[in-house]
Amino acid sequence: MLYPQSNRYRQVFDLSGFWDIRFDLDDEGDSAGWASGFTQGQPIAVPASWNDQLDSMRDYTGSAWYQIRFDVPWELGSRKYMLRFGSVNYLADVWLNGAHLGSHEGGHLPFEFDVTQHLHAESNRLVVRVDGALAPDRVPPGNVSMNALDRFGELNYPDGSFDFFPYCGIHRPVLLYAAAAGGLSDLTVVTDINGDTGLVSVQLRRDDAAPVRARLTLRGHGEPLSTEMEIAEQAEVGLEVPQAALWAPGSPNLYDLIVELEDGGQIVDRYTLPIGIRTIHIEGDSLLLNGRPIYLKGFGRHEDFPVIGRGLFPAVIVKDYALMEWIGANSFRTSHYPYSEQMMDLADRLGFLVIDETPAVGLFFAEDGLERRLDLCRQYTRELIARDKNHPSVIAWSLANEPHSRRPAAKAFFRDLYDLAGSLDPTRPVTIVSMVGVEEDAFEFVDFLCLNRYYGWYSEPGRLDVGCEELSDELDMLYERYHKPLVLSEFGADTVAGCHAEPPEMFSEEYQAEMLARYIEVLRSKPFVIGEHVWNMCDFKTGQMVRRVGGYNLKGVFTRDRRPKMAAHCLRQIWRQGAGDGG
Ligand code: GCB
């Protein structure tokens, strides 16, 4: 899937701005014909969650209808017109000028419709029904009975089976774009290295069988390289890049891959894709980037900011990368769902390594509805890999976070997803993020292990000595059983900024700083540990429950408005010492 771009042959019209919204509290929108347009709407910003924009709707996760009217800023011709949504949480139904274009399930991945037949030059009316309901047959699930989750009774409002606020709405840009009919529809780039030479293999796709010429040019470092060939629906070509400038943290070298299609001597389409030449492998107990061991230092994170909720906020993306740079991180996980495409683009440009996670958080394995949940996870895995396969920053796929996988069905469930990911992308390692530990059956086949641990917090509260011993023992046990490298993908402590205690006590800045430092000491003593991801980079909004003061998870080493706690300074000291960042 190609992100829309503007050039002489392609145009993008961004529909971001103030739309109308009408909440469908009585479920009347369908029968009242709101799909063709509605009255009594109120202004709402897109992209953004609705929850923090309108106080009275903070906890509302039901249906809401959005609409906008627009004129097309170009002449309509014989091209293809597409309407693309970066993400809508959770279920979207879309109508253009009264025609139902289709629907999409899942809150964090893009989808698009061909609107060529329905688009007018002027006065288009676009209507989107967004249904954010939390339900056990959705992924991530909500309102699940305690029994099905095999969890202890802890009530959460709104009731998601996950620890972040269930923000709803149109979260990422809505784009109308025009492209040549028969233009390029997809590119898949895989890179390899042979000595100093970079090997770039490119697969091109278009949805027209009448052959045209394709010209590929690779520009950026050294002399530009070019090659040409004929393409019908698909073609594959390899480029050899002498003295390749490899991509890595610290030297995120990118090339522009420019693809042009030519028909009857005229260029009819052009697409420019930034690519990085790099390899990524698990070998023995190591993670190898460009053939050299690399150690991951960074965070589990969230897309979360006051007022905008989970909506795209470019300035926060820039700020967050600046803070990760400042602290000496080289990586993060897109916990617990795919992040915006803009976030991924900057990871490429700025040189961060990403464990890219599907939205499968809080999965449970009760028989009832299992096949449907698996189908949804398959869909997400396909959509995620289609979206992010060309990012050099993406070094691994994570199939799920903390599944409740003590039931036997979990193993076959994840085997299915693991095989699917491997068939779609044989080049990247695949993992699963576990809270179960040694009993996580999927650890038998995933390529490396990810484990979340809170000794000294949820268990052994206040006792870091005991907690660190337990951590050390468990890591050894996991290695003994699976002989695979491991990332500690979460560890941390809720911390109230400004709360101090000596000796350190839970919730104080001292306790968080000490916990992180002591965990890191344990991790660095185990040669099979390939990374440490602190939970969390920033404080973030959650539902309301006893253990979430003010409706926040306070495990950030930065506050929600991005100010450092004491732990941020301590991590900076540890991480900036530079060991193994593979730059
Ligand atoms: C976890 C979850 C994460 C929570 C975290 C916590 O294991 O993966 O979503 O926010 O624990 O703080 O409890």
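Modeller: Helices and strands here are DSSP runs, with at least four residues for a helix and at least two for a strand. This is a predicted model, and its chain holds eight helices and 34 strands.

Colleague: How compact is the chain as a globular protein of that length?

Modeller: The radius of gyration is 24 Å, and the globule rule gives 25 Å for 583 residues, so the chain is as compact as a globular protein of that length. Along its principal axes, the C-alpha trace spans about 75 × 65 × 45 Å.

Colleague: What share of the residues of the chain counts as buried?

Modeller: Buried means under 20% relative accessible area. By that cut-off, 60% of the 583 residues are buried. The accessible surface of the chain comes to about 22400 Å², with 49% of it belonging to carbon and sulfur atoms.

Colleague: How are contacts in the chain spread along the sequence?

Modeller: Take the contacts between residues at least 6 apart in sequence: 71% of them join residues at least 24 apart.

Colleague: And the charges: how far apart are the mean positions of the positive and negative ones?

Modeller: The chain has 55 positive and 85 negative charges, and their mean positions are 2 Å apart.

Colleague: Let us turn to a single helix. Which span should helix H7 have, and what is the distance between its end C-alpha atoms?

Modeller: The expected span is 1.5 Å times one less than the number of residues. Helix H7 covers residues 509-524, which is 16 residues, so it should span 22 Å; the end C-alpha atoms are 23 Å apart, which agrees.

Colleague: Which residues of H7 are buried, and what covers them?

Modeller: The buried residues of H7 include Tyr 511, Met 515, Leu 516, Tyr 519, Ile 520 and Leu 523. Glu 509 and Glu 510 are also among them. The cover includes helix H6 (464-482) and helix H8 (566-575), along with strands S31 (486-490) and S32 (529-535).

Colleague: What should I look for in the backbone angles?

Modeller: Most residues other than glycine have a negative phi, and most peptide bonds are trans. Departures from that pattern can be listed one by one.

Colleague: Where are the cis peptide bonds at Pro 47 and Pro 158?

Modeller: One joins Val 46 and Pro 47, with omega about 0°. Another joins Tyr 157 and Pro 158, with omega about -10°. Pro 47 lies in the loop between strand S3 (42-46) and strand S4 (63-70), while Pro 158 is in the loop between helix H1 (146-149) and strand S11 (169-170).

Colleague: Is Pro 47 buried or exposed, and what does it contact?

Modeller: Pro 47 has a relative accessible area of 13%, so it is buried. Leaving aside neighbours within four places in sequence, Pro 47 is in contact with Ser 16, Ile 170, His 171, Arg 172, Pro 173, Ile 308 and Leu 312. Leu 312 is 265 residues from Pro 47 in sequence, but the two C-alpha atoms are 6.3 Å apart in space.

Colleague: Which residues have a positive phi, taking Asp 27 and Gln 243 as cases?

Modeller: Asp 27 has phi near 55° and sits in the loop between strand S2 (17-23) and S3. At a relative accessible area of 63%, Asp 27 is exposed. Gln 243 has phi near 50°, in the loop between strand S17 (234-241) and strand S18 (247-248). Gln 243 also counts as exposed, at 61% relative accessibility.

Colleague: What about glycine, for instance just after H3?

Modeller: Gly 351 follows H3 and takes a positive phi of about 85°. Within H3 (residues 341-350), the buried residues include Met 343, Met 344, Leu 346 and Ala 347.

Colleague: How should I read a charged residue in a loop, such as Arg 138?

Modeller: Check its accessibility, then its contacts. Arg 138 lies in the loop between strand S10 (124-131) and H1, and at 10% relative accessibility it counts as buried. Not counting residues up to four places away in sequence, Arg 138 touches Tyr 90, Leu 91, Glu 105, Asp 131, Gly 132, Ala 133, Arg 372 and Leu 376. Arg 138 and Arg 372 are 234 residues apart in sequence and 8.4 Å apart in space, C-alpha to C-alpha.

Colleague: Where is Val 557, and is it buried or exposed?

Modeller: Val 557 is in the loop between strand S34 (552-553) and H8. Its relative accessible area is 0%, so Val 557 is buried.

How values were computed
Residues are numbered from 1 along each chain as its sequence is written. This is a predicted model: local features need pLDDT of at least 70, side-chain atom pairs count only at pLDDT 80 or more; totals for chains, interfaces and linings use all residues. Side-chain values use heavy atoms; hydrogens and water are left out. The radius of gyration is taken over C-alpha atoms; the globule rule is 2.2 Å times the number of residues to the power 0.38. Buried means under 20% relative accessible area, exposed over 50%, partly exposed in between (1.4 Å probe, protein chains only). Contact means heavy atoms within 4.5 Å. Accessible areas come from the Shrake-Rupley method with a 1.4 Å probe; for residues, only the protein chains shown count as cover. Lys and Arg count as positive and Asp and Glu as negative; His and the chain ends are not counted. The place of a charge is taken as NZ of Lys, CZ of Arg, CG of Asp or CD of Glu.
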